[in-house]
Amino acid sequence: MSKIIININSSTIVLMLIFVASGTFFGIANAQNSTETSNSKNLSLTELYELVEKSIVQVTKTSPPANPLGPDKENSTSLGTGFIYNDTGYIVTNNHVVENAPFLDITFINGDRYTANITGTDPFSDLAVIKINENLTDLPKALVIGNSSKLRIGDQVVAIGHPFGLESSMTTGIISQIGRLLSVDEKGFSIPNAIQTDALINPGNSGGPLLNMKGEVIGVNTAGIFPGNIGLAVPSDTVLRIIPALIEGKNYTHPWLGVTGTTLTADLAKRENIDRSQKGILVDNIVRDSPADLGGLNGSTINQYGEKRGGDLITAVDGKQIIKMEDLISYLELNKSVNENATLSIYRDGETIDKQITLKSRPTAPITNQTQN
């Protein structure tokens, strides 16, 4: 079972999708550490597939039964997708495809099969790096990473993976939207700038690449919403930040503020007696001893009548206007590091004040099931 929580708009509505597919994992894929491109022009669909097919692999996780003495004594297997990241045998896939895997098999399109070990994982981005145990002299060419920041709505894309165990299947579509907020675990943290596509993403596509028409990886397929044919992918720019650290054996640290919040709507502005011209995030919960707590931010309260009142309204960070939660999470993730300061502009009691916050690393233990940073 793979549990994926998806925020598809700027409100606090959270959609939880649970996919169960006969032991088949549903996942993401990601790209390589080179930004060079091997093609100056767009390829046909046939040319694109033939260019990348040998570099995309099926990832099989074999797990022993939870209770060897129970009625189900057979090992269970789950399937996902990955792709070659560099010429030394590293492969990128999803964290949830390989999580807690005692055994991993990698199968190429020609049927060659090898064992692999986990090199590093980052649950917060749902990325993982695994390495083939054998030293291969004829490893297929690593895929090239494109620049996801240059994507435009309407760009044509291709997804390749192993849906339901069907080897090397290709689907096509367009970029439907960018900048989505995607939560991939139960800790309440989210991946910013996720890519929305209408290319069909099924269980088993996890870890497979989302490609532009030059054959460059611009995203990592991670989730699908059914019905609706909505696919979501982690952007390649996130891969370029995180994967090198995992290969070096390091943990990638994500900056953390420690708040949950809601985009200010007209109804909330009326309830809170806030001028409708104001925009920002109405702070709800604040984690005890978090950077937000230590920095003096105020969360929501409940009065003696049981009525809830919101906390501070975050209107800007380092002078950059904040309209919705996606803006705050994206800015901190892309521009800040752990132990750096961020200046939050907050609207409180009719005036705007600045609070300097020293960011910490995200805690690994679950805190809340709400989107936070």
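Colleague: How much area does the protein chain expose, and what percentage of it do carbon and sulfur atoms supply?

Modeller: The protein chain exposes about 16,800 Å², an area that comes from the Shrake-Rupley method with a 1.4 Å probe (for residues, only the protein chains shown count as cover). This is a predicted model, in which local features need pLDDT of at least 70 and side-chain atom pairs count only at pLDDT 80 or more, whereas totals for chains, interfaces and linings use all residues. Residues are numbered from 1 along each chain as its sequence is written, and side-chain values use heavy atoms, with hydrogens and water left out. Of the exposed area, the part that carbon and sulfur atoms supply is 47%.

Colleague: What percentage of the residues of the protein chain count as buried?

Modeller: Buried means under 20% relative accessible area, exposed over 50%, and partly exposed in between (1.4 Å probe, protein chains only). Of the 373 residues in the protein chain, the portion that counts as buried is 53%.

Colleague: How many helices and strands does the protein chain have, and what percentage of its contacts between residues at least 6 apart in sequence join residues at least 24 apart?

Modeller: Helices (H or I, at least four residues) and strands (E, at least two) are DSSP runs numbered from the N terminus, and they come to six helices and 24 strands. With contact meaning heavy atoms within 4.5 Å, the part of the contacts at a separation of at least 6 that joins residues at least 24 apart is 67%.

Colleague: Which strands pair with β17, and in which sense?

Modeller: Two strands pair if DSSP finds at least two bridges between them. Strand β17 (residues 281-286) has four bridges to β16 (residues 259-263), where Thr263 stands opposite Ile281. Two bridges also join β17 to β20 (residues 313-317), with Leu282 facing Leu313 as its bridge partner. The partners are therefore β16, which is antiparallel, and β20, which is likewise antiparallel.

Colleague: How are the rings of the one aromatic pair arranged?

Modeller: Rings of Phe, Tyr and Trp (its six-membered ring) pair if their centres lie within 6.5 Å, and planes under 30 degrees apart count as stacked, over 60 as edge-to-face and the rest as tilted. The structure holds one such pair. Its members, Phe108 and Tyr114, have ring centres 5.9 Å apart and planes at 80°, so the arrangement is edge-to-face.

Colleague: Which charged residue sits over the ring of Phe124?

Modeller: A charge sits over a ring if NZ of Lys or CZ of Arg is within 6 Å of the ring centre and within 35 degrees of the ring normal. Lys131 lies in this way over the face of Tyr90, 5.5 Å from the ring centre. For Phe124, at 5.4 Å from the centre of its ring, the charged end belongs to Arg362.

Colleague: Which residues are linked with Arg362 in a network of salt bridges?

Modeller: A salt bridge is a side-chain nitrogen of Lys or Arg within 4 Å of a carboxyl oxygen of Asp or Glu, and the whole structure has 10 of them. The network that includes Arg362 links it with Arg241 and Glu333.

Colleague: How many residues apart in sequence are the parts that the salt bridge of Lys336 and Asp318 ties together?

Modeller: The side chains of Lys336 and Asp318 meet at 2.9 Å, N to O. Lys336 lies in the loop between α6 (325-335) and β22 (341-348) and Asp318 in the loop between β20 and β21 (320-321), so the parts tied together are apart in sequence by 18 residues.
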